[in-house]
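Let's take a walk through this protein together. Have the sequence and the model open beside you, and follow along at your own pace.

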Amino acid sequence: MADENYRYDPDTLSFKRNETKKGRKFFVSIITQLLAAITIGTVVFLAISYTIETPRQKNTERENQMLQKEYKLLTERYNQANAVLQDLKTRDTDLYRAIFETEPPKEDILEKADYSNDSITTEYILSQHKIKGDSVTKMLKTEETVTNELWYVLQNSKNNLQNFPSIQPLKNDMLQFLPYGFGRKLDPIYKTPTIHLGIDFAAPKGTEVMATGDGIVEEIGDKRDLGKYIIINHKNGYTTIYAHLSGVVVKKNQKIKRYETIGFVGNSGKSLTAHLHYEIKHNNKNVNPINYFFEDTDPMMYTALKKLANNGGLCLD
């Protein structure tokens, strides 16, 4: 009796079985199962949505990753091109000063672009590269103006062009002879700070040394600091000095052509090891030779050469 549903009837003073309508019981059962199914379905849908990517989501994620890679690649290419362009600008500025003996036109053309945004979108990439492209375009226009003026002067004074010290004093097309740059350095002998007035090229003894422009041998000598040296007067306000030589194959007052061998690398005078010390003077004032290697170097090679020359605070004499 405990397992069945009964009720007490006070009129008959007896228990009677409760009779539930089968239709109502069936309806309650259907509703319960439906609610359970909806609940389970919702949980499963949410779980799938957060854990399993749809094909569309996968394609979108793949496109975003490719877009970020392209963005980084474009940024790296821009930075490389900009570095080369900056070096060309520095070199052109020095040449402009040397030829015109005045300052080149100045223009603040570089605009800063914001790269701190981590959420990269197509619109963001386009806007940032437009800023970069505009800055490079402005820089190129300025460089074109300077270059055109230089070209005009050089075309109308071809003799001066031949006399201009515009190559490296060694055949160094593979950058096999490391340069030690101009400016403040550490004296390798006395271990004290010093002003290095030229560039040192570390090269084996006996390596041929070339004249960097047409001119006349003004002086040949042997001094304690320079060792065996040659001075060439280029007749345009420029003189070049080649020091620490092991031998000399020219004579005083001899006419010299660019690329002509004038001596050989050595270790004479105050020198740490075999090398060539090379100086350029314009109107008796020392200038940085790195800015004059424009005839035998392309932009990429020049950038590498300049980076090597500026690396570290050492010199060889």
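The report below goes from the overall picture to strands, two buried residues, a pocket and some backbone details.

## Overall picture and confidence

What you are looking at is a predicted model. The protein averages a pLDDT of 79, and 68% of the residues score at least 70. One stretch deserves some caution: over residues 108-113 the pLDDT stays under 50, and the model has 14 contacts there beyond four places in sequence. Where pLDDT is low, the predicted coordinates should not be read in detail.

As for secondary structure, the protein has 5 helices and 14 strands. Of its 317 residues, 36% count as buried. Among contacts with a separation of 6 or more, 67% are between residues 24 or more positions apart.

## Strand pairing

A good place to begin is strand 12, which covers residues 261-265. Strand 12 pairs with strand 7 (residues 208-210) in the antiparallel sense over 3 bridges, and Met210 stands opposite Thr261 in this arrangement. Strand 12 also pairs with strand 10 (residues 238-248), again antiparallel and over 3 bridges. Here Val248 has Gly263 of strand 12 as its bridge partner.

Now turn to strand 4 (residues 183-186), which pairs with strand 5 in the antiparallel sense over 4 bridges. Gly183 stands opposite His196 in strand 5. The two strands, 4 and 5, form a hairpin with 6 residues between them. In the turn of this hairpin, Lys191 has a positive phi of about 60°.

## Two buried residues in contact

Is Gln168 buried or exposed? Gln168 has a relative accessibility of 0%, so it counts as buried. Its place is the loop between helix 4 (158-163) and strand 3 (179-180). Leaving aside neighbours within four places in sequence, Gln168 is in contact with Phe201, Met210, Thr212, Phe293, Asp296, Thr297, Met301 and Leu305. Met210 in that list is the residue that stands opposite Thr261 in strand 12. Gln168 and Glu295 are 127 residues apart in sequence, while their C-alpha atoms are 8.7 Å apart in space.

Phe201, found in strand 6 (residues 199-202), is one of those contacts of Gln168. Phe201 is buried too, because its relative accessible area is 0%. With neighbours within four places in sequence left aside, the contacts of Phe201 include Gln168, Pro169, Leu170, Asn172, Phe177, Leu178 and Pro179, and also His275, Leu276 and Phe293. Phe293 is in contact with Gln168 and with Phe201. The C-alpha atoms of Phe201 and Leu316 are 8.6 Å apart, although the two residues are 115 apart in sequence.

## The second largest pocket

Rolling a probe the size of a water molecule over the atoms shows where empty space is left. The second largest pocket has a volume of about 240 Å³. It is lined by 13 residues, and the closest to its centre are Ile195, His196, Lys270, His277 and Asp317. His196 is the residue in strand 5 that Gly183 stands opposite.

Which strand supplies the largest share of this lining? That is strand 5, with 3 residues. Strand 5 (193-196) and strand 13 (275-282) each supply at least two residues of the lining. By class, the lining of the pocket has 4 nonpolar, 4 polar and 5 charged residues.

## Positive phi angles

Most residues other than glycine have a negative phi, and most peptide bonds are trans. Against that background, His244 is worth a look, with a positive phi of about 65° although it is not a glycine. His244 sits in strand 10, the strand that pairs with strand 12. With a relative accessible area of 1%, His244 is buried.

Asn284 also has a positive phi of about 65° and is not a glycine. This residue lies in the loop between strand 13 and strand 14 (285-287). Is Asn284 buried or exposed? At 72% relative accessibility, Asn284 counts as exposed. So one of these residues, His244, is buried, whereas the other, Asn284, is exposed.

Note on methods:
Residues are numbered from 1 along each chain as its sequence is written. This is a predicted model: local features need pLDDT of at least 70, side-chain atom pairs count only at pLDDT 80 or more; totals for chains, interfaces and linings use all residues. Side-chain values use heavy atoms; hydrogens and water are left out. Two strands pair if DSSP finds at least two bridges between them. On a 1 Å grid over the protein atoms alone, a cavity is a set of points where a 1.4 Å probe fits but cannot get out, and a pocket is an open set with protein on both sides within 12 Å along at least five of seven lines; lining residues have an atom within 4 Å of a point. Grid points are joined across faces, edges and corners, and a volume is the space filled by probe spheres set on the points. Ala, Val, Leu, Ile, Met, Phe, Trp, Tyr, Cys and Pro count as nonpolar, Asp, Glu, Lys and Arg as charged, and the others, Gly among them, as polar. pLDDT is the predictor's confidence in each residue, from 0 to 100. Contact means heavy atoms within 4.5 Å. Buried means under 20% relative accessible area, exposed over 50%, partly exposed in between (1.4 Å probe, protein chains only).
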